[in-house]
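Thanks, I will keep this short. Please look at the model first, and then we will go through one helix and its packing.

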Amino acid sequence: MIVQNISNLTSDNVDTMDSPFQVSTGILSLLAVLYGFISLLAVFGNTLVIIVILKTKTMQSITNIFIANLALGDVLIGIFSIPFQFQAALLQRWVVPYFLCPVAPFIKNLTVCVSVFTLAVIAIDRYIAVMHPLKAGVKMKIATILLANIWLFGIISSLPNLIFFQVIEVPDPSFKDQKKPFCVQAYPSNAFMSAYVFYIFLIQYLIPLLIISFTYLCIVFKIWSTNAPGQHLNRQETGRNRNRKKVIS
C-alpha cells in the first residue's frame with residue numbers, strides 16, 4: 001500500500017510531486033497474475049493446513065495448534081492485504097471501496113503481530129521441552145489462553161492503523177487541475193507517528209528476535225553438550241578393549 005503522511009500532500013508541494021511511473025499493459029497483466037496466484041495460494045494452502053489440523057485428532061498437538069494460528073494469519077493477509085497493496089502500488093490511487101483503506105493496513109499489522117508472537121511462544125515451548133524435559137510443557141488450556149491474548153494484543157497494537165488511515169483527494173500529477181483518491185496515514189502528530197513506529201519496531205521485531213534467539217541458542221548448546229544415549233557406555237567399552245590389548249601384549 002502506498003503510505004504517505006497527510007501533511008506532505010498539501011497544496012504547498014503539489015508541484016514538486018513526482019509523476020507516477022508508467023507500467024505497460026503487459027507487465028501490469030503479468031504482475032496481476034502473479035499477485036493473484038500468490039494471494040490464492042496463500043489462502044488455499046493455509047486453509048488446507050487449518051482444516052487438516054482441526055479435522056485430525058492426532059494432529060492436534062500444541063505445536064500444530066500454534067502452526068494453525070500462523071496459517072490463519074496468512075489467510076487474512078492473503079485476503080485483505082496482498083490484493084490492495086498490488087493495486088495501490090501500481091495504480092498509485094485508491095480504487096476499491098474506501099472502508100478498506102484502514103482495514104488493509106490494520107489486518108497487515110495485526111497478522112504480523114500474531115505471527116511473530118506465535119513464533120516466540122513456539123520457541124518458548126520448545127525451550128521448556130528441551131531444557132526441562134521432566135516439566136510439563138504448555139497445556140492446551142494455556143495454549144488457548146495464550147492465543148486469545150496474542151490476538152487481543154495484536155488488535156490493540158494495530159488500532160492506530162484502523163483509526164488514522166483514510167482516503168483523501170490529492171492532486172494528480174498526470175492530469176492538471178484533477179485529483180485522485182489516496183489512502184494515507186493521518187496520525188495526530190509527527191511525535192505520535194514516531195512513537196508508534198518505535199513501538200511497532202519493539203514488539204514486532206526486537207523483542208521477538210531476542211526471545212527466539214535466546215531460546216534456540218540455549219537449545220543448540222544443550223543438544224551439543226549432551227552425550228547421545230549409549231555414548232558413555234561405548235567409551236567405557238573402548239577403554240576396556242584398550243586395557244585388554246595392553247595386558248595381552
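Helix 2 and helix 5 are roughly parallel to each other, a label for angles under 35 degrees, with over 145 being roughly antiparallel, 65 to 115 roughly perpendicular and the rest oblique. This is a predicted model, with pLDDT of at least 70 needed for local features and 80 or more for side-chain atom pairs, while totals for chains, interfaces and linings use all residues. Residues are numbered from 1 along each chain as its sequence is written, and side-chain values use heavy atoms, without hydrogens or water.

Helix 2 covers residues 62-80 and helix 5 residues 140-164; they pack at about 20°, with axes 10 Å apart. Helices here are DSSP runs (H or I, at least four residues), numbered from the N terminus. Axes are lines fitted to C-alpha atoms over the stretch in contact, and angles run from 0 to 180 degrees between N-to-C directions.

On the helix 2 side, the contact (heavy atoms within 4.5 Å) includes I62, F66 and L76, and on the helix 5 side M140 and W151 are among the residues met. By class, that contact has nine nonpolar, one polar and no charged residues. Nonpolar means Ala, Val, Leu, Ile, Met, Phe, Trp, Tyr, Cys and Pro; charged means Asp, Glu, Lys and Arg; the others, Gly among them, are polar.

Now helix 3, residues 82-91: helix 2 packs against helix 3 at about 35°, with axes 3 Å apart. I77, G78, I79 and F80 of helix 2 make this contact with I82, P83 and F84 of helix 3.

Last, burial, meaning under 20% relative accessible area (exposed is over 50%, partly exposed in between; 1.4 Å probe, protein chains only). N64, N69 and G73 are among the buried residues of helix 2. Their cover includes helix 1, helix 3, helix 4 and helix 5.

How values were computed. Helix = DSSP H or I, 4+ residues; strand = E, 2+ residues; numbered from the N terminus.
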